Every structure is written in structure tokens, then in C-alpha cells.
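Me: Could you take a close look at the aromatic rings in this model for me, and at the charged side chains too? Keep it chatty, please.

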Amino acid sequence: MKKSYIYNKVRRWTKKVVLIICPLSFSAALTSCNDFLDILPMNQVVLENYWTEKADVTNVMNSCYEAIENSNCLTRFAVWGELRSDNMRQGGGAIPNEINEILKENILPSNPMANWASVYECINRCNIVCHYAPEVQAIDPNYTEAEMRANLAEAITLRSLCYFYLIRTFRDVPYTNEPSIDDTQNYVIAASSFESILDTLINDLKSVEKDAVRRYYTDDSPSAYINSSKVTRTTIHALLADLYLWKGDWENCIRYCDLILDFKRQQYEDMLEREGNIYDMALFDDIPLILDMPAGTTQCGNAYNEIFGQGNSFESLFELHFRSNQGLQNSWVSNYYGNDVNTIGYLAAPAFLCDGVPSSENNIFTNTDGRFYSNVEPTNSRYAIAKYSRQTVYFTTKNVSIKTMADIKLSATRRSVASANWIIYRLTEIMLIKAEALIERGTGDDFEKAFRLIDLVNRRGNNITAEAAKGTLDKSKYIDSKAMMENLLLEERQRELMFEGKRWFDLVRTSRRDGNTNRLVTLATRKYQEGVNAIKIKLADPNIIYMPYSKNELKVNPLLKQNSAYANGEDSELLK
């Protein structure tokens, strides 16, 4: 029998392991380690002679980050979380067929984007760390128990993140926390349920949350960026808040959100004490956020520049870190969103999101919402995705009545290399996660508290004029209706997190809670201009909101049963 995905893709390096000298600092870990888990050079040693010291654990732990940053893995995270949503349509150039077919909701098990091998490769590397780190700690006196536990927390968090992407995409998937090491192991595994894996991930993270590093460096250190590019306790809290949101455990979701908000308040107070004044940040009520138009200036775009242009901002909780001088690059952004050569990538924003914003004729964005001007760019009758692909953006609205794009006097630069970081969690999403949990709990003044959080995020987005920063949302339209509050939350998540790999998952989560796909169908089909009815009929099946199992995986793993929404297609005939 052929071996399954876990065995074939990720086992071959473990029988003989490479001794590669990778610098032990994390800044070096963010560069390529010469693909040491995929390429076996001449100087090999047997596995038993490898796991002998702290450096061995560090090298493989670093490779876990490298695996999740790999373009095959990151592209799937972005495609799975965003492509099918109402945020994306075809852009420019010869768009890859597998992407175009998903945009058309013509998804087959043969589509390469249904292949999950790169994600399980990262999972296996994490399992390897969890397996061997305790053994190394027992024999290397320089590898302390606290360091070992912190490494386990990192590995378990990255593994949990990978599984979280998998279950949101495929629903039920094979689950293992055992590493693939030798030929005696059986890695043909049946799928575990969404719910059981969700519970497992929560329990795993709770077991290591106190072992994770709080901060690697002080905020004024040149290496402070590592605090949001490696797993910290705050990363774990963010992931737990999201997991509890999907589980429907509102109390625990809110509790973990509050832990993050409290931590950020304290961090801001420490910065104030150290620096005396922070001109480009402010408290929105009691939550510190980066200003789009810093105090005493007339230029906007600061929030974008710090969060997406520079990266590793104050608001970042965890993001994948790329540098212009490293081997790994963020080809997802440069190819699919655009770069300094091609303003528009393979993908673009649908017209309904963008038409008429400056003239106040758009239903999504107000004409004072800086997120629109920073994240979208009109290009050749389409709207290019500028989020992440822009290095800097500046515009002004002082003493200007905005009627057209020209009125804001926008100036922007694009990245010349594929070095855009990719954010997994940031502070405003935590605010919106908490707001969603409050809405769903719906007791006492929960709607009031939820509206406040949504309004604060919206106010920062509209921090391009003094008047708009006071608020553009009318509470009276929403506060008396749970349905209206839910819709407001979805709208604000769309505005704030657009193009960040979140929107399709938001619609899937809503459908799971609703028990039907009605809202998903209404929202997701807004981008289509033809064949809309056929797509609506297709998306009415609650099973089709998940991806199919790969055709190749079904061939090698007879324990997998294809999603019923895809069981009768053309590709299914090929499997017989």
C-alpha cells in the first residue's frame, strides 16, 4: 500500500538527519536553513546521534517557522481563508487555473489547492520537536527545563495553528501528534471530527500557555520585532480566543481577549513611562491603538505604514516575518496582490466594495475611511489590492471636501521585493473577536459593550479627519437587534481585516452558527456578475463551504471519505 501524505512528504529526512550549522539567534532563524528538512547533503549522521544538545532542538524549532512561512503553506492559508469570499475577484495577468476555478466555485478534488501536504509537513516538524526535546533536556545540562517547556509551547502552538487552518478548510481531517520517524509506523489515518480536534487544540494550548515566553526582548530593543514573530504567551491567548469563538464558549473567549487587552494596556503604559510621549498612538477610550493621522500632523496613512508597511507593530500579536535578504519570500503578496512592477496581481477587489467611496455612494466604506485609501488602488478599470503590497502610503484630508480620489492627494510606494510580513493575529481583531462573543452571549449590556469595541475599531479607521474620528456608526440602528449587531460585526471585520485571509472563514463560522448558508450565499455572491443563480444553488449545500479532500490523498488513504458535496463530480469518476 502506498504511504499517506504524512509519511511520504515529511518522513524522509528523519531516518538520517543533517548536521547543519544554523545560527542560533532567531533573526538568523528567519532566514533559510538551506532546506535542511528537504535536502540531504553528503555530511549525514544517523538520527540517534543528532538529538544530543540544545542546538539540535533550536535548529528544528526554527525549521517549524520556516515551514509555515514556505510559499506552499502560506499561499494555502490565504487561499483557504479569503479566495472564495466576497473580497476577491480575478485581477490581471494569466491567473493560475487552480485559483480561477476556485473563484468560479468550480472546485474539484484534483485542484492543487486541496493538497494539504505542506501544512502537515509543518505539523510533523512540530511533532518531532515535541518528541525529542525532553530527551535532549535530559542529557544536555545547558538546555534547561524552562527552555524545553518554552520550545514545546512554541511547537504545540504552531501545530495547533496548522490544524486550525485545516479544520476550518476541510472540517474533518486526520489528526496525529506523533512524529513520522520510521518505516514501522502506520500513517494511514482516518479523519477526526472538527469538534474533537477543536477540543484537543484548546486542551493542548491550555497545557502550555504558562510555559511560553512572555517577551523575548524589551520594546526598545532593536530585536523587539521578534516578540511578534515568534510564539509568545500572547500568541497562545489570541489563538485560544479564536478557538473558543468557533466552539461557542463565549465566556472563555472573552476571558482570553481581556488578557490580551490588559497586556497591551500595560505595554502602552510602560512605553509612556519610558518615552514620555507617543505622538503616533492614542487611547481609544482605554485601548491603545496606532493613529492613522498622528497628533500634530496633516498626513494620514500612519496606521497602515506601521502595521503593514513596516510590520511587527505595537498592535501585532503574531505575524510571519520576511526580510529582503532571506531565502524565503512572501510570493503570495507579490504575485497575487501586486508589487512595484505589477500594480495589480492575479487578484483584485470587487467593484461593489470600492465604487463610489470618495463620493459617499458606497455601502461598505464611508468616504472618510482611511482603510479604503490605504488598501485599494484603482488600476485599469479594476481595483488593485494594495494592502501588504504597498511599502508606504500617505494622503491628506485637511481642509478638503472629499469627492474624488484626487482630493486626498495620495502618494504611495510599492515593495520591490517579496518581503511583506503576513499577520496572523493583531490587536483590533481581538477587539472584534470579543465583540462577537459579547453579541452571541447577549446578556445584560453585552450589546452596548460590543458596539463600543466595534465603534473604536471603526473610529481608528476613520482617523483621517477630526470629525470622522468621533465616530461614523449610528448606535441606534443596531443596538436593539441581535441580527443587526451580528451584521455590523461582520461588516466591520470585513473593513478592518480585508485581504488578510479571514473573510471566508468568517462566513463559514457564521454558517455553522446559523445552521444554514443563507447569509454566506447572500454575501459571497455579491462579487459575481454572471452565473449568480447557479453559484447560489451550489453554495446552498452546507457541505460545499469546505474544500474537498485531494484526489491523490484519497488514493493513498482509503480511510478518508470524500465530502459528499464533491462525491459525484468528474474527479470522483477518476477514482473508481
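**Rings and charges**

Reply: Let's start with a charged residue. In this predicted model, the side chain of R460 makes a polar contact with the side chain of E315, at 2.6 Å. R460 sits in helix α16, which covers residues 446-461. Its relative accessible area is just 4%, so R460 counts as buried. Leaving aside residues up to four places away in sequence, R460 touches a list of neighbours, among them F284, L289, I290 and I307. That list also has charged company, including D292, R426 and E496, along with E315 again.

Now for the rings. There are 26 aromatic pairs in the structure. One of them joins F77 and Y165, and this pair is stacked, with 3.8 Å from centre to centre and 5° between the planes. It ties together distant parts of the chain: F77 belongs to helix α4 (residues 71-83) and Y165 to helix α7 (residues 145-170), and the two are 88 residues apart. Are these partners buried or exposed? F77 is buried, at a relative accessible area of 1%, and Y165 is buried as well, at 5%.

Helix α7 also supplies a ring to another long-range pair, F170 with Y549. Why does this one count as stacked? The ring centres of F170 and Y549 are 6.4 Å apart and the planes meet at 20°; the cut-offs are centres within 6.5 Å for a pair and planes under 30 degrees apart for stacking, so both conditions are met. Y549 lies in the loop between α20 (532-539) and α21 (551-556), and 379 residues separate it from F170. F170 is buried, with a relative accessible area of 3%, and Y549 counts as buried too, at 6% relative accessibility.

Back to Y165 for a moment, since its ring has a charged neighbour as well. R168 lies over the face of Y165, 4.6 Å from the ring centre. You'll find a similar arrangement elsewhere: R512 has its charged end over the ring of F194, at 3.7 Å from the centre of that ring.

Finally, which residues do ring pairs link into a cluster? They are Y304, F308, W332, Y336, Y337, Y346, Y388, W422 and F499. If you're clicking through the structure, try F77 and Y165 for the stacked pair, then R168 over the face of Y165, and then R460 with its polar contact to E315.

Key
Residues are numbered from 1 along each chain as its sequence is written. This is a predicted model: local features need pLDDT of at least 70, side-chain atom pairs count only at pLDDT 80 or more; totals for chains, interfaces and linings use all residues. Side-chain values use heavy atoms; hydrogens and water are left out. Rings of Phe, Tyr and Trp (its six-membered ring) pair if their centres lie within 6.5 Å; planes under 30 degrees apart count as stacked, over 60 as edge-to-face and the rest as tilted. Helices (H or I, at least four residues) and strands (E, at least two) are DSSP runs, numbered from the N terminus. Buried means under 20% relative accessible area, exposed over 50%, partly exposed in between (1.4 Å probe, protein chains only). A charge sits over a ring if NZ of Lys or CZ of Arg is within 6 Å of the ring centre and within 35 degrees of the ring normal. A polar contact is a pair of N or O atoms within 3.5 Å; within protein, one must be able to donate a hydrogen and the other to accept it, and residues adjacent in sequence count only if both atoms are side-chain atoms. Contact means heavy atoms within 4.5 Å.
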